[in-house]
Amino acid sequence: MIDLALLRREPDAVKAALARRGVSSATMDAIIALDVEHRGLLQEAEGLRAEVKFLSRLVGEARRGKDLETAALLTEKSRVLGDEERQATEATERVGALLRDELLQVPNIPADEAPDGDDEKDNVEVRRWWVGMDDGLALPTYAEHQRVAHWDIGTELGILDMESGAKLAGSMFPLYRGDGARLLRALGSFALDRHRDAYEEIRPPSFALTETMMSTGHLPKSADDMYAIERDGLWAIPTAEVPLTSMHRGEILDEARLPIRLTAQTACFRREAGAAGRDTRGLLRVHEFDKVELFAYCTPEQAEAAHGDILGRAEGILQALGLTYRVLDLCTGDLGTSSARTIDLEVFSPGVDRWLEVSSVSWFRDFQARRANVRYRQGDGSTALVHTVNGSALAWARTWAAVVETHRQPDGSIRLPDVLRPYLGGQTTIGPKAS
RNA sequence: GGAGGGAUGACAGAGCGGCCGAAUGUACCGGUCUUGAAAACCGGCGUGGGCUUGCCCACCGUGGGUUCAAAUCCCACUCCCUCCGCCA
């Protein structure tokens with residue numbers, strides 16, 4: 001949620017910034033009008049309330065003084081005022097709810113550095129990385145044996161079985177098996193261990209309450225994109241960002257503890273409503289995937305460094321796995337609602353010949369913290385909202401696909417990245433399948 | 001799933017329906033004293049909102065209700081603790 005006080009103070013600046021991501025100034029004017037109305041009603045209601053309280057006190061005093069006649073008179077007067085107060089409060093709450101609903105629809109103010117643009121076509125490619133680049137080697141070309149889609153490799157080596165997944169849970173629920181399952185496990189363990197030096201590992205619940213989803217902004221906006229367990233009022237988390245953002249919900253953190261850096265690997269559940277049929281083969285887009293998330297609560301001053309650290313770690317994993325990737329600076333039109341600035345990482349997967357998004361590193365400013373009410377106490381004793389930053393390092397389904405396709409050998413086997421060997425009992429290859 | 005107990009400020013812990021936003025203790029901050037520290041003493045010390053910046057309003061697990069007036073009474077829910085049952 002954006003800062004209403006800022007909107008009051010500098011309406012033109014806020015409108016100009018939001019116009020960069022397509023929010024009309026009429027929308028903001030409507031919110032400003034609602035705010036004015038709300039505050040007017042609030043004053044009226046609070047004034048009446050103060051009178052009722054005052055009269056009630058007099059009733060008490062009159063009763064103690066045995067002046068029952070005065071007491072009865074005041075009681076009646078207060079009762080009438082109380083009715084008025086109830087109506088005024090009702091009106092205040094109604095307008096307040098309207099104002100809040102409108103405000104929740106407003107996306108975050110984009111960072112100045114975020115490039116202008118309407119949609120993903122306007123994202124700015126910042127750089128690419130590939131194995132050997134630092135030694136002056138050219139962008140790799142890929143041989144025929146690497147031009148095989150992971151779903152075919154998966155079937156050939158018996159390591160990915162989309163059909164069984166579909167049988168169990170419907171399409172787009174992958175089932176990894178054998179060395180494929182082990183590879184997935186190794187990727188997660190490798191990443192979590194790598195982040196251990198600075199990030200506390202968390203294993204949160206995979207479900208969250210409606211209230212929790214609200215505080216992260218996933219509800220009500222993205223209700224259709226999430227799986228719900230209605231009977232228990234729970235939602236399957238679409239990312240570990242949900243539990244991590246809510247861990248300190250409603251708390252005032254000690255400034256000395258910041259930045260608080262957390263990492264978690266969880267399953268991520270996404271209904272992908274509306275995406276049916278598009279880019280859905282194999283692991284390109286699935287309803288459930290594992291992801292290691294990096295997250296930090298920090299002061300505004302620490303935010304930039306924290307964001308950079310997460311990006312660096314995500315890139316570090318891709319480099320360690322020997323994968324080619326590119327770095328995209330998301331334009332204002334493609335930013336997620338809550339984000340002020342986002343850098344995406346896309347890995348190149350030669351078998352399907354496409355760049356696949358495997359990480360999204362975002363800086364939310366105080367947008368998430370305002371809704372989740374996470375603050376910190378500053379040196380002078382005052383409180384301020386924290387900044388939150390997060391990023392994936394990494395989303396494993398697509399990474400798994402890129403690893404398998406990139407490292408496929410002429411004989412059909414997969415050469416495993418060196419860094420994963422400790423997690424695979426020293427194993428160096430998968431397949432070829434013994435016939 | 002069953003029975004009982006509980007939820008109040010950073011923590012501990014009081015609170016007859018009526019100057020209770022809340023006693024007291026600890027912690028914390030400032031001061032006096034001291035060479036310094038400790039102790040002692042004095043003062044301060046929740047969060048958010050509104051405006052006419054001094055006042056007003058809200059908040060005692062959550063949501064309803066009763067009342068002129070609710071931390072206090074009633075109802076529902078959530079969570080925690082103890083015991084029983086069940087269980088990977």
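This passage describes the overall architecture of chain A and several of its local features, as seen in a predicted model.

Chain A contains 12 helices and 16 strands. Taken along the principal axes, its C-alpha atoms fill a box of roughly 100 × 45 × 45 Å. Of the 435 residues in the chain, 49% count as buried. The surface that chain A exposes amounts to about 20900 Å², of which carbon and sulfur atoms supply 49%. Contacts within the chain often link distant parts of the sequence: when residues at least 6 apart in sequence are considered, 73% of the contacts join residues at least 24 apart.

Separation in sequence and separation in space can also be set side by side for a single pair of residues. E211 and P140 lie 71 residues apart in sequence, and their C-alpha atoms are 48 Å apart in space. E211 belongs to helix α8, which spans residues 210–216. The relative accessibility of E211 is 51%, and this residue therefore counts as exposed, the cut-off for that class being over 50%.

The packing of helices α2 and α3 was examined next. Two packed helices are described by the angle between their axes and the distance between the axes. Helix α2 comprises residues 11–19 and helix α3 comprises residues 25–64; the two pack at an angle of about 140°, with their axes 9 Å apart. Angles over 145 degrees would count as roughly antiparallel, and α2 and α3 are therefore classed as oblique to each other. Their crossing is right-handed. On the α2 side, the contact is made by P11, V14, K15 and L18, which meet S25, M28, D29 and I32 of α3. By class, this contact has 5 nonpolar residues, 1 polar residue and 2 charged residues.

Helix α12, formed by residues 396–406, provides an example of an enclosed element. Because 10 of its 11 residues are buried, α12 is largely enclosed by the rest of the structure. The buried residues of α12 include the tryptophans W396 and W400, together with A397, A401 and A402. V403 and V404 are buried as well, as are T399, E405 and T406.

Several features of the backbone also deserve description. The peptide bond from A393 to L394 is cis, with omega near 5°. L394 is placed in strand β14, which covers residues 387–395. A cis peptide bond also joins G431 and P432, where omega is about 0°. P432 is located in the segment after β16, a strand formed by residues 429–430.

Positive phi angles occur at two residues described here, M172 and D353. M172 is not a glycine, yet it has a positive phi of about 70°. This methionine is placed in the loop between α6 (162–169) and α7 (179–194). With a relative accessible area of 12%, M172 is buried, since the buried class takes in values under 20%. D353, likewise not a glycine, has a positive phi of about 55°. D353 is found in the loop between strands β10 (341–349) and β11 (354–363).

Conventions: Residues are numbered from 1 along each chain as its sequence is written. Chains are lettered from A and ligands numbered from 1 in the order in which they are written. This is a predicted model: local features need pLDDT of at least 70, side-chain atom pairs count only at pLDDT 80 or more; totals for chains, interfaces and linings use all residues. Side-chain values use heavy atoms; hydrogens and water are left out. Axes are lines fitted to C-alpha atoms, for helices over the stretch in contact, and angles run from 0 to 180 degrees between N-to-C directions. Helices (H or I, at least four residues) and strands (E, at least two) are DSSP runs, numbered from the N terminus. Angles under 35 degrees count as roughly parallel, over 145 as roughly antiparallel, 65 to 115 as roughly perpendicular and the rest as oblique. A crossing is left-handed if the near helix is turned anticlockwise from the far one by less than a right angle, and right-handed if clockwise. Contact means heavy atoms within 4.5 Å. Ala, Val, Leu, Ile, Met, Phe, Trp, Tyr, Cys and Pro count as nonpolar, Asp, Glu, Lys and Arg as charged, and the others, Gly among them, as polar. Buried means under 20% relative accessible area, exposed over 50%, partly exposed in between (1.4 Å probe, protein chains only). Accessible areas come from the Shrake-Rupley method with a 1.4 Å probe; for residues, only the protein chains shown count as cover.
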